[in-house]
Amino acid sequence: YEPPVIEKGVNNETELVAALNELTDGGELLIGKNFTTSTQINIKQDMIPEDVKSFTINGQGNVITYISKNSEKSYVIAFNDLTTQVVLKNIKLTGADTSLLVNGSNVRLEGIVDVSGNTTSGIEVTRITEGSSKSSLDVTKAKIVNTSEFREPYGQNDLPTILAEGSDQIEVIFGASNLHSKNDTGQVEYYLNNIKYEVDTEDSFKEMLNDYIQGDMVVLTDDIALSENAAFTEDVTLDVNGKTITIAEGKGSLKIAPYKTLKVIGSGQVTGCLYADNKFGNGSTLKVNVNKDFKVISSSENGWAVYGSSGSVIEINGGTYSSNAKATAGVIHALGNELRVENAIINVEVASVMNAYGIFSNVKTAAIENVIVNGNYSSCGNFNEATGRTSINNSEFYTTYEADGFSAPTIKYQGELEIRNSKITRVNVGIQFNRSWPTPDKVEGLTYDESVIFYNINSNGYPDITYKGYIGN
């Protein structure tokens, strides 16, 4: 004996509406199979028992398709002015202008919610009725699918996955989901997918800055000269693509805004400074993952080729970084939380400056791996955080010149320094423990072994390793 298969749940619009009246608080309404509807399914508060504070509509993976040719704006399901909280899960709504309307209601999506096959947008969040409650859509527990989403650079006919119209009492909670927002006049659009902008002039670069959204990619298709500093205000990837971007004749900066991430990839050249900005101690993230022929050449008056402000994270893999560094400045100058430099060459270009640095690090954690620093007259590194920890491996440091009898230690550090498999060329001290207070009377916090090789090119009497106040000041 085989028991008959019984579809569990409502099978059409009429049964769905009737089932709303039978709900209990916290109850679940199941969709039993795919069905079509020729009318918009409007769900209002007077259709739900008064004692129901929340309920769930579980589509169980089924599809509701709107089939009317009505010329008016249409939705498959519209939640209108509900004081009851709704959970909508595991469902596909298709065939209308927009799959779902959240109007003066509080709706949370869960599971897989497919809003493909609608002609205007996937979901609309608004307050049509004056004086209605706040409209809130929470998608943090949902995987939204929308194969009909469309966006192009500077597009006028984009089809967002979520459209939030108006700013008053409208809320879309998307948390760590893969949605990206774009602010437009009087509305916010949300998209699942990112696009690529190709820019070849200063005008097209500025236009892109006003149009791109979080996660998009910008590709240089020609050399560009910007007349002033430029700033990305959302997460973005910049593909230099073998071209050169010059900022304010090399004296300016290309910035990433606080809390955001700039990824730089490809080959080519940045003439100017890459700058990780901050606000109230909250920094940004700069990730440079480039080909070996990539260059940053800066004429910044501050002396930086890469700058990480307080709270920032700097990660560099590949490339050559050079600047006309001035006293107390580093070609790579990091004041934030983390600094990591790998597979890079760093050059202090101004021979007359002795108190500049290849790397100036005032971060909590610094890691240097397979890096060559040409300090010339200056120290190759100043790792200046008293409570910080710096690790160096497989790297080379060259401080090779004196000026009128004065010279600089090749490496200065505070806190803890671990160095392995590295070469240190010096005209003064090789490594100097540089704590400012209390004045040191011995070397502290240093870990090294015989894999660290010192080259005293002047054959002077300075030791390879010592502390500030003893020698080599």
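Which residues are linked with Arg389 in a network of salt bridges? They are Glu416, Glu418, Arg420 and Asp449. Keep in mind that this is a predicted model, so everything below is computed from predicted coordinates.

**Salt bridges**

The structure holds 14 salt bridges. Here are three of them, with the N to O distance for each pair.

| Pair | Distance, N to O |
|---|---|
| Arg151 and Asp216 | 2.6 Å |
| Glu418 and Arg389 | 3.0 Å |
| Lys206 and Glu202 | 3.6 Å |

Start with Arg151 and Asp216, whose side chains meet in a salt bridge. Arg151 sits in the loop between β10 (135-145) and β11 (162-165), while Asp216 belongs to strand β16 (residues 216-220), so this pair ties together parts of the chain that are 65 residues apart in sequence. Both partners are tucked away: Arg151 is buried at 8% relative accessible area, and Asp216 is buried at 0%.

Next, the pair that belongs to the network from the opening question. Glu418 and Arg389 meet through their side chains in a salt bridge. This one also links distant parts of the chain, with Glu418 in strand β40 (residues 416-420) and Arg389 in strand β37 (residues 389-393), 29 residues apart. Unlike a buried pair, these two count as partly exposed: Glu418 has a relative accessible area of 23%, and Arg389 has 39%.

Lys206 and Glu202 make a local salt bridge instead: both lie in helix α2 (residues 202-209), four residues apart, which is about one turn of the helix. Lys206 is partly exposed, at 36% relative accessibility.

**Nonpolar cores**

Nonpolar side chains tend to be buried together in soluble globular proteins. In this model, the largest nonpolar core has 67 residues, and Phe205, Phe232, Tyr321 and Ile431 have the most contacts inside it. Strand β33 (residues 338-348) gives this core its largest share, five residues.

What does Phe205 touch, leaving aside its neighbours within four places in sequence? Its contacts are Val199, Ile224, Leu226, Ala230, Phe232, Ile245 and Leu254. Note that Phe232 turns up here as a contact of Phe205 and also among the residues with the most contacts inside the core. Apart from this core lies another one, of 46 residues, and Ile43, Leu88, Leu93 and Leu109 are among them.

**Strand β31 and its partners**

In a regular strand the side chains alternate between the two faces of the sheet. Strand β31 (residues 320-323) shows it: Thr320 and Ser322 point one way, Tyr321 and Ser323 point the other way, and all are buried. Tyr321 is also one of the residues with the most contacts inside the largest nonpolar core.

β31 has parallel neighbours. Strand β28 (residues 295-298) runs parallel to β31 and is joined to it by four bridges. β33 also pairs with β31 in the parallel sense, again over four bridges. Ser322 is a handy landmark if you want to find these pairings in the viewer: Ile297 stands opposite Ser322, and Ser322 stands opposite Asn347 in β33.

**Cysteines**

How many disulfides are there? The count comes to zero. Cys273 is in no disulfide, and its nearest cysteine sulfur, that of Cys380, is 20 Å away. Since a disulfide here needs the two sulfur atoms within 2.5 Å, that separation rules the pair out. Cys380 is in no disulfide either, with the sulfur of Cys273 as its nearest. Are these two cysteines buried or exposed? Cys273 is buried at 0% relative accessible area, and Cys380 is buried at 0% too.

**Two loop residues**

Thr161 lies in the loop between β10 and β11, the loop that also holds Arg151. Thr161 is buried, with a relative accessible area of 0%. Beyond its neighbours within four places in sequence, Thr161 is in contact with a set of residues including Val115, Ile144, Glu149, Leu179 and Tyr190.

Gly166 is found in the loop between β11 and β12 (170-173), and it is partly exposed, at 34% relative accessible area. Leaving aside neighbours within four places in sequence, Gly166 is in contact with Gly186 and Gln187. Gly166 and Val188 are 22 residues apart in sequence, while their C-alpha atoms are 7.9 Å apart in space.

Note on methods
Residues numbered from 1 in each chain as written. Predicted model: local features only at pLDDT ≥ 70, side-chain atom pairs only at ≥ 80, totals over all residues. Heavy atoms only, no water. Salt bridge = Lys/Arg side-chain N within 4 Å of Asp/Glu carboxyl O. Buried < 20%, exposed > 50% of the residue type's maximum accessible area, 1.4 Å probe, protein only. Core = buried A, V, L, I, M, F, W, Y, C linked by side-chain atoms within 4.5 Å. Contact = heavy atoms within 4.5 Å. Pairing = 2+ DSSP bridges.
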